Amino acid sequence: MTTNARLRALVELAETGSVRGAAERLVVTESAISSALGSLSAEVGVPLVDRHGRGVRLTPAGQRYVDYARKILGLHHEAVMAARGEVDPANGSVRLAAVTTAGELLLPSLLASFTAKYPGVECKLEVASRKAIWPMLANHEVDAVVAGRPPAELDQVQVRAVSPNALVVVAPPETARHFDPAGATWLLRESGSGTRATTTALLEEIEANPPQMVLGSHGAVVAAAVAGLGVTLVSRQAVRRELETGALVEVAVPGTPLDRPWHIVTQSPCTGSTELLISHLLAHRELGWRSAG
């Protein structure tokens, strides 16, 4: 078994919590996973896993090593794609990750435009919370992220393009007529959402401690607002249709609208196929992006 396969076995064990789960993910036998983990521990020179009840778990050394394993695997894949993209970027691949709102609003039209011109480029998209996507970029598991501003501690990346985005407070018309920021129920996104964190900061800024209801997704929050369950802070783009039909209206809250532009952030340097994607979206201004420079 190759070193990459051993590293993958360790990563899958960490993510699934069991040898069986890792074996199912990698479509191999449990004995193959156990053998890979034993060989990797021998290669590193310290135990990476130990027995725990009927299963196994990572040792402190294994927990430390698995973070490097993720980066090694991501960087190796990126290196392969970079080499292939150097020869033929129009027939490579681009791995994208986006926060939920961007994945629903921005990526469909962008990918449709790009793949229509470059059908040979394989585009993979993962939609997750802000908390989840930035580690993917740091570990070289994706080539580009579409989200708000990147964390300050993230290095060896570059902001390539930005797109306008305004966060506004919306409510159904009946609620808006008697709106009180401190008395209305505020609908919040799931834990890890950037919009949820911004909402919490906004409420602290206006010194309001209103009732709150947490829902599991962007779509659920908007549907709940339309149903009259409360008010929410949301991207104006995300509720354009509801605003046009009158199902929701904007309400005035001190400090809003909030200017929170979208960012496309890539590895530095990035692969040829990723560079092709950036060049395409900047060349087509109708997609709504402009150079970060």
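Salt bridges link E12, E15, R25, D67 and R70 into a network. The model is a predicted one, and a search of the whole structure finds 13 salt bridges. Side chains of opposite charge can pair when their charged atoms come close.

Within the network, D67 and R70 form a salt bridge with an N to O distance of 3.5 Å. That value falls inside the cut-off, because a salt bridge requires a side-chain nitrogen of Lys or Arg within 4 Å of a carboxyl oxygen of Asp or Glu. Both residues belong to helix α4 (residues 60-87), where they stand 3 residues apart, so about one helical turn separates them. Their surroundings can be described by relative accessible area. D67 has 41% and is partly exposed. R70, at 18%, counts as buried, because the limit for that class is under 20%.

A pair with a similar arrangement along the chain can be followed in another helix. R177 and E174 form a salt bridge whose closest N and O atoms are 2.4 Å apart. They are 3 residues apart in helix α8 (residues 173-177), which means that about one helical turn lies between them. R177 has a relative accessibility of 56% and is exposed, since the exposed class begins over 50%. E174, at 48%, counts as partly exposed.

The salt bridge between E190 and R189 has an N to O distance of 3.0 Å. Are these two residues buried or exposed? Both E190 and R189 are buried.

Another acidic residue, D143, lies in the loop between α7 (130-138) and β5 (144-147). Its relative accessibility is 2%, so D143 counts as buried. Leaving out residues up to four places away in sequence, D143 touches E78, S93, V94, R95, L137, V265, T266, Q267, T271 and T274.

One of those contacts, T274, leads to helix α12, in which T274 is among the buried residues. The helix covers residues 272-283 and has 12 residues; at 1.5 Å a residue it should span 16 Å, and its end C-alpha atoms are 16 Å apart, so the two values agree. The expected span uses one less than the number of residues.

Which residues of α12 are buried? They are S273, T274, L276, L277, I278, H280 and L281. The elements they pack against include strands β3 (93-98), β5, β6 (157-163) and β13 (262-267), together with helix α6 (107-117). Strand β5 is also one of the two elements that border the loop holding D143.

How values were computed:
Residues numbered from 1 in each chain as written. Predicted model: local features only at pLDDT ≥ 70, side-chain atom pairs only at ≥ 80, totals over all residues. Heavy atoms only, no water. Helix = DSSP H or I, 4+ residues; strand = E, 2+ residues; numbered from the N terminus. Buried < 20%, exposed > 50% of the residue type's maximum accessible area, 1.4 Å probe, protein only. Contact = heavy atoms within 4.5 Å.
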